[in-house]
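Thank you for making the time this morning. I would like to walk through one structure, moving from a single loop residue to the elements around it, and then on to the sheets.

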Amino acid sequence: MVESRFIKCAACSTLIRLRSQIGYYNIPFNFCCHECKSHIHGEVAIDQEKLRIDYKINNSIKVEADREQAHYVVELSAEFPTRKMCKHDNDALDSMITPFIRNMQFIGGIEDSDKLLRRVMSFSGYCSNTWIELKSYFELFWNNKIDILAPKLKDIAEHFIIKNQLDASTATHQLLIMGIGSALPPDTIKSYMTIGSRLLMDKANFNELDRFVSVLADRFVNIEKKAIKLIDEFSKIYSQLIPVMVLHHAGTFDRVDKDIYGIMTANYDAVNSFYANSFEWILENIDIIIGLNNIEVRGGYDKMKGKATYQAMLDFRSKINRLDHLDLSEPYSKILKLDNKVRNAIAHFDNEIDNLSQKIIYTNKSAGKTSIAEIYFIDLALLCIENFEYVCYILELVYNLRKIAFIREGMIPNVKAPIPVGSSVSRRTSNKKVGRNDPCPCGSGQKYKKCCIKEEQ
């Protein structure tokens, strides 16, 4: 369903048609008046229960008008890419197509679109329903409060038998990957787990892996604490990234003409902040991937490909220089596509976003010269998503390295085989039938009748 409302810019009275694709989420928006460049922002608030829509808009006036009177049109959607602000033309073919229909053209048929959207949305439900509790489990694990953690995890699933730190690590990690799996493209978690499990099966290099674990052991808790904080930060901007997430999961991001389409719902400062923070965390821990490559390719974690030693790399004044020692063709770094250009621009250049073109402009003034670099906001959103994936990947490696440390200490695992990726865990006490109007157990945030009931009928 698409609804139109009309507003006048409070500064110059330009008449703008807001064309909103009504979905499951409220639609925050930010744009500038095309004529006077005044900033207009607000939110389309959607009440699913009462089937009511409310527009909260700043720096503009809501008015009654006809479509023919509008000067410009702005598309709004929380779930799909939208056409950027343009002159209003009732006869233009693209102005008749809804963001929902256009998204089907981007990613395929209606069935694929609906399935992908529900998968992507389920992470939002996970963040609002389960994430806070999971963070508390990690805190108990880090503080070695196994006696408190054990009954809490036992209440979630029968196979969580927690007798030592290895069990606690396994259980909390299983819950984590089940939650974040829907925020990653299909089969991504499985591929990470396959790579990570190689560490435990690599008998030829076990002694060297054991030596590497000894070097890293004091960092494990701090690595995880910072990663959990990053996932928390990502969860707060996730709903704003859903249009890009759907395209990314479908593998069709490159089909979008970024001169014409973008996202109106994301907060630039929050997205920019997550990208910078996540890239710094990756740089802090990229030595783990480099060390594992060294072991597999050269037989020792400190046998570097170049002239620098492993310790010298850790001591580099600028962490960005660590990337010089990351060979993307080597086993543990093949999945990475790290590009430090945007990170450097954020760190060292002035930047601002043009809300009309949705281009981020980085300006560098040094040595009497001015250089300018540009990137579309939708591209920055994709870089955030990819950084999140790399954080999850490094966490998987750290989890398996910690296993080696626990096993070396003589711990025996008691947690049974992991729950299949993509399944949901419900508490033992929650076996009652789910009502049609109850929240869907998958965590999508939708009612059961609008979500997984379709697959069970």
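Let me begin with Asp-187, which is exposed, with a relative accessible area of 54%. Please keep in mind throughout that what you see is a predicted model. Asp-187 sits in the loop between helix 6 and helix 7, and its phi is near 70°, a positive value in a residue that is not glycine.

From that loop we pass into helix 7, which covers residues 188-201, counts 14 residues, and reaches 20 Å from its first C-alpha to its last, close to the 20 Å expected at 1.5 Å a residue. Which residues of helix 7 are buried? They are Thr-188, Ile-189, Tyr-192, Ile-195, Gly-196 and Leu-199. These buried residues cover an arc of only 130° around the axis, and that places them on the same side of helix 7. On the face turned away from that buried side we find the exposed residues Thr-194 and Met-201. As for what covers the buried residues of helix 7, the list includes helix 6 (165-180), helix 8 (206-216), helix 11 (268-298) and helix 14 (377-408).

Helix 14 deserves a closer look. It has 32 residues and reaches 47 Å from first C-alpha to last, which is close to the 46 Å expected at 1.5 Å a residue. Of those 32 residues, 30 are buried, so helix 14 is largely enclosed by the rest of the structure. Just after helix 14 comes Gly-410, which takes a positive phi of about 95°.

This brings me to the nonpolar core. The largest one has 141 residues, and those with the most contacts inside it are Phe-31, Leu-292, Phe-388 and Leu-401. Helix 14 gives the most to this core, with 21 residues. In soluble globular proteins, as a general remark, nonpolar side chains tend to be buried together. Taking Phe-388 as an example, and leaving aside its neighbours within four places in sequence, which residues is it in contact with? They are Phe-123, Ile-180, Ala-183, Leu-184, Ile-231, Phe-234 and Phe-274.

Phe-31, another of the residues with the most contacts in that core, leads us to the sheets, since Phe-31 stands opposite Ile-40 in strand 4. Strand 3, residues 27-32, and strand 4, residues 39-47, pair in the antiparallel sense over six bridges. The hairpin they make has six residues between the strands, and there Lys-37 takes a positive phi near 65°, again in a residue other than glycine. At 49% relative accessibility Lys-37 counts as partly exposed, whereas Asp-187, with its 54%, is exposed; the cut-off for calling a residue exposed is over 50%.

On its way through the sheet, strand 4 also runs antiparallel to strand 5, with seven bridges joining the two, and Ile-46 stands opposite Ile-53 in strand 5. Together, three strands form an open sheet in the order 3-4-5, with antiparallel pairing. Strand 3 and strand 5 (52-58) stand at the edges with a single partner strand each, so one side of each is left without a neighbour in the sheet. The twist averages 15° from one strand to the next.

There is also a five-stranded open sheet, in the order 6-1-2-7-9, and its pairing is mixed. Its edge strands are strand 6 (60-63) and strand 9 (86-87), each of which pairs on one side only. Strand 7, residues 72-76, and strand 9 pair in the antiparallel sense over two bridges, and the partner of Val-73 in strand 9 is Cys-86. Helix 2, residues 99-107, lies across strand 1, strand 2 and strand 7, running at about 60° to strand 2.

Let me close with two serines. Is Ser-20, which is found in strand 2, buried or exposed? Ser-20 is buried, with a relative accessible area of 0%. Beyond its neighbours within four places in sequence, Ser-20 is in contact with Met-1, Val-2, Glu-3, Val-44, Tyr-55 and Leu-76. The C-alpha atoms of Ser-20 and Leu-76 are separated by 4.6 Å, although the two residues are 56 residues apart along the chain. Ser-13, by contrast, lies in the loop between strand 1 (2-9) and strand 2 (15-21), and at 43% relative accessibility Ser-13 counts as partly exposed.

Key. Residues are numbered from 1 along each chain as its sequence is written. This is a predicted model: local features need pLDDT of at least 70, side-chain atom pairs count only at pLDDT 80 or more; totals for chains, interfaces and linings use all residues. Side-chain values use heavy atoms; hydrogens and water are left out. Helices (H or I, at least four residues) and strands (E, at least two) are DSSP runs, numbered from the N terminus. The expected span of a helix is 1.5 Å times one less than its number of residues. Buried means under 20% relative accessible area, exposed over 50%, partly exposed in between (1.4 Å probe, protein chains only). The arc is that of the directions from the helix axis to the C-beta atoms. Contact means heavy atoms within 4.5 Å. Two strands pair if DSSP finds at least two bridges between them. Axes are lines fitted to C-alpha atoms, for helices over the stretch in contact, and angles run from 0 to 180 degrees between N-to-C directions. A nonpolar core is a set of buried Ala, Val, Leu, Ile, Met, Phe, Trp, Tyr and Cys residues joined through side-chain atoms within 4.5 Å.
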